[in-house]
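Trainee: Could you go through this model with me and explain the terms as we meet them?
Mentor: Happily, let's have a look together.

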Amino acid sequence: MRVREFAVDLRRPLSTAKGDIDRREGFLVAVETADATGVGEATPLPGWTESLAECRNALESVGDPETALTDGTLDDTPAARHAVSLALADARARDEDRSLTSSFALSSSLATDSHTSVPVNSTIGDSGVESTVEAAMDAVAAGYDCLKVKVGARAPEDDIERLSAVRDAVGPTVSIRADANGAWDRWTADRFLDGIASLELEYLEQPLAAEVLDGHAALRRLHDTPIALDESLAAVSPERAIASNAADVLVCKPMALGGPERVLSVAERAEDAGAGVVVTTTIDAVVARLGALHVAATLPRIRAHGLATASFLDADLAPDPAPVRDGAMTVPEGPGLGIDVASLFD
Ligand SMILES: O=C(O)CCC(=O)c1ccccc1C(=O)O
Ligand SMILES: [Mg+2]
């Protein structure tokens, strides 16, 4: 397995209730199977995955990639596992001369009508009312019809004011999500949900700490705004989140859950339980973004995913085969991920 380290600064930081993300570091990997080469990416985000050093150690310990994936050695290092799993899936799809989406659709029990284009949300970080509204208007002018606004970094009354101003500015048809990144206690979340009740948010993501499944279940019972879980899935488990009736929507990050096939199996169970699935990046480079796009394209339902994060990066590992146009990404049809391996490894 070849491993290449990379680092990219963000062009603009993403401000969240848990601090700013301003740089991404990780590893590009290439695996050689008998018939094809596949590429994967590990871009760990401490707090969500292992650290960069732990990820490096885990990747260095990989002998046979297939074995490393199945014998449990990568189970505590989801970003490293993601890289290996994605690279093997990419190699398999290239060998079959299929797109990764079509290869995933074959091996999953999800509906087979995969999509050629995936709508995406515009990710809007924490900032004051005026600049939040400006970012929202820019996104709508660029063709997005779904916005995801970070909240929880300031008092709930201020976030209510920000979201009310966004709703006023964009009108009733644009979908608005809010993501608190676990910033609140029950009382604060209640105040926020009371304050935004008339704004018709699509959902509120992770209002409470990751471990608090019963609290999220209570918020779901007491308020009309749907609740999504993100941090809880990696911290507790997608199974327990589903079983606790704690979420209307599961926000699945392939990088944090240990690889694309993990997200697809969560999606199969979510489908049975009537929960929605939204796939998002951890602000990744082009290989992991493409992997997440192929996962999203395999899901039966059309809904906006959190994949429009290329614009946060100051540079990338290769030209982007799936840029956002008019609020959507077109799924590459070429074999595997749909990116030239030689453009990534010279
Ligand atoms: O979902 C999106 O729109 C983009 C991804 C995103 O918000 C994110 C990116 C890095 C770390 C955490 C998160 C998050 O969803 O909380
Ligand atoms: Mg989130």
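**How the helices pack**

Mentor: Helix 5 passes helix 6 in a right-handed crossing. This is a predicted model, where local features need pLDDT of at least 70, side-chain atom pairs count only at pLDDT 80 or more, and totals for chains, interfaces and linings use all residues. Residues are numbered from 1 along each chain as its sequence is written, and chains are lettered from A and ligands numbered from 1 in the order in which they are written.

Trainee: What makes a crossing right-handed?

Mentor: The near helix is turned clockwise from the far one by less than a right angle; anticlockwise would be left-handed. The crossing of helix 6 and helix 7 is right-handed too.

Trainee: Why is helix 6 called roughly parallel to helix 7?

Mentor: Their axes, lines fitted to C-alpha atoms over the stretch in contact, come within 9 Å and cross at roughly 25 degrees. Angles under 35 degrees count as roughly parallel (over 145 is roughly antiparallel, 65 to 115 roughly perpendicular, the rest oblique), so helix 6 is roughly parallel to helix 7.

Trainee: How do you know which residues make that contact?

Mentor: Two residues are in contact if their C-beta atoms, placed from the backbone, lie within 7 Å. Among those of helix 6 are Pro156 and Ile160, and helix 7 brings residues including Thr188 and Phe192.

Trainee: In helix 1, which residues are buried?

Mentor: Leu52, Cys55, Arg56, Ala58 and Leu59. Buried means 20 or more other C-beta atoms within 10 Å of a residue's own (exposed is 12 or fewer, partly exposed in between).

Trainee: Why do they line one face of the helix?

Mentor: Seen down the axis, the buried residues fall within an arc of 165 degrees, so they line one face. The face turned away carries the exposed Ala53 and Glu60.

Technical notes
Helix = DSSP H or I, 4+ residues; strand = E, 2+ residues; numbered from the N terminus. Arc of directions from axis to C-beta. Axes fitted to C-alpha atoms, helices over the stretch in contact; angles between N-to-C directions.
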